[in-house]
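Good morning, and thank you for joining. I would like to spend a few minutes on the structure now coming up on the screen, beginning with its annotation and then turning to the interface.

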Protein chains: 2
Amino acid sequence: MENTPGSLGTKTSLSLRLGQAMFSSASLLFMSVGVEFYSYTAFCYLVTIMGLVIPWSFTLAMVDAYALFIQCPLRQPSIMVIIVVGDWVLSMLSLAAACATASSIELLLKIDGPFCAPKFCGRYELSAAMAFVSWILTGASSLCNLWILASW
Amino acid sequence: MENTPGSLGTKTSLSLRLGQAMFSSASLLFMSVGVEFYSYTAFCYLVTIMGLVIPWSFTLAMVDAYALFIQCPLRQPSIMVIIVVGDWVLSMLSLAAACATASSIELLLKIDGPFCAPKFCGRYELSAAMAFVSWILTGASSLCNLWILASW
């Protein structure tokens with residue numbers, strides 16, 4: 001059980017957390033730098049959720065790094081439950097934000113008009129893709145920790 | 001364990017399944033009857049997913065009713081795993097479809113033009129709301145069965 005890959009305090013978990021922090025930061029940057037994202041509700045929602053995922057993943061990456069450094073996995077059942085529930089909620093919210101953004105982009109591209117310049121829409125698309133990757137990584141972390149929790 | 005509400009073969013599970021079948025049928029009907037849903041990708045996606053949720057929930061409602069009738073919960077671990085995974089995947093897909101639909105409606109209402117007549121947009125909104133309820137019920141079923149599976 002100690003070596004279950006992806007659970008808190010392992011190298012896989014650290015990689016997953018760093019990946020989540022990286023992809024959610026990329027999603028936030030692509031959406032917010034130089035782009036008027038606040039015109040559309042779905043885009044604001046994505047920015048909000050990515051703003052939640054980044055500190056969560058970064059904090060847990062620090063915890064993983066600390067656990068690897070002191071060679072002792074920090075596994076209290078109550079902490080694990082909080083992490084599993086937090087990951088699960090954030091993964092749901094990320095999926096919802098990514099889908100909402102993707103469908104808005106699809107609609108903006110379909111409707112002719114001054115709604116989406118090609119340069120901006122490309123960035124929105126990249127942002128949605130990064131949010132999807134972030135969702136997959138958060139979901140993987142949640143499942144790995146749930147597995148550990150269920151096997152106790 | 002036998003009396004855990006919401007697990008396969010209980011009255012709560014039967015109610016959840018009937019609720020899922022009802023709300024997903026309502027979502028499908030509001031979206032498809034007399035409305036040109038095939039113009040938008042998100043709406044087609046919602047119709048597809050609701051078309052998957054309806055037979056799944058209806059079949060499991062029949063299984064629940066049969067288990068209640070013969071007074072014997074049908075709980076093979078392999079069947080439970082299939083049900084939990086199926087519920088989980090369908091609940092994710094329902095959430096994605098509901099969010100995509102909701103964000104498309106929000107955008108259609110925002111953009112002036114012949115894209116969304118008030119009568120049609122009202123129906124789309126109802127359809128998205130029903131899909132959200134269906135997601136919550138499917139998620140509840142999945143969690144209840146996962147609980148049973150984890151407690152073995």
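Let me start with the record. In an unreviewed entry, UniProt assigns the feature "transmembrane region" to residues 21-40, 46-69, 81-109 and 129-150 of chain A. Please bear in mind that what you see is a predicted model.

Two of these segments can be compared with the coordinates. Residues 46-69 of chain A are 100% helix and 0% strand, with 34 Å between the end C-alpha atoms. For residues 129-150 of chain A the content is likewise 100% helix and 0% strand, and the end C-alpha atoms lie 31 Å apart.

I now turn to the interface. Chain A and chain B each bring 23 residues to the contact. Between them, about 1800 Å² is buried, and carbon and sulfur atoms account for 74% of that area. On the side of chain A, the residues losing the most area to chain B are A:Met92, A:Leu107 and A:Ile111, which together make up 27% of what that side buries.

What of the polar terms? Across the interface of chain A and chain B, the rule finds zero salt bridges, but it does find seven residue pairs in polar contact, with both residues at pLDDT 80 or more.

Which elements form the side of chain A that touches chain B? Those giving two or more residues are helix H2 (41-69), helix H3 (77-110) and helix H4 (118-150) of chain A. H3(A) supplies the largest share, 13 residues. By residue class, this side of chain A comprises 16 nonpolar, five polar and two charged residues.

Note on methods: Residues are numbered from 1 along each chain as its sequence is written. Chains are lettered from A and ligands numbered from 1 in the order in which they are written. This is a predicted model: local features need pLDDT of at least 70, side-chain atom pairs count only at pLDDT 80 or more; totals for chains, interfaces and linings use all residues. Side-chain values use heavy atoms; hydrogens and water are left out. UniProt positions are given in the numbering used here, feature names are shortened, and annotations may be inferred rather than shown by experiment. Helices (H or I, at least four residues) and strands (E, at least two) are DSSP runs, numbered from the N terminus. Contact means heavy atoms within 4.5 Å. Buried area is the accessible area (1.4 Å probe) that two parts lose on being put together, summed over both. A salt bridge is a side-chain nitrogen of Lys or Arg within 4 Å of a carboxyl oxygen of Asp or Glu. A polar contact is a pair of N or O atoms within 3.5 Å; within protein, one must be able to donate a hydrogen and the other to accept it, and residues adjacent in sequence count only if both atoms are side-chain atoms. Ala, Val, Leu, Ile, Met, Phe, Trp, Tyr, Cys and Pro count as nonpolar, Asp, Glu, Lys and Arg as charged, and the others, Gly among them, as polar.
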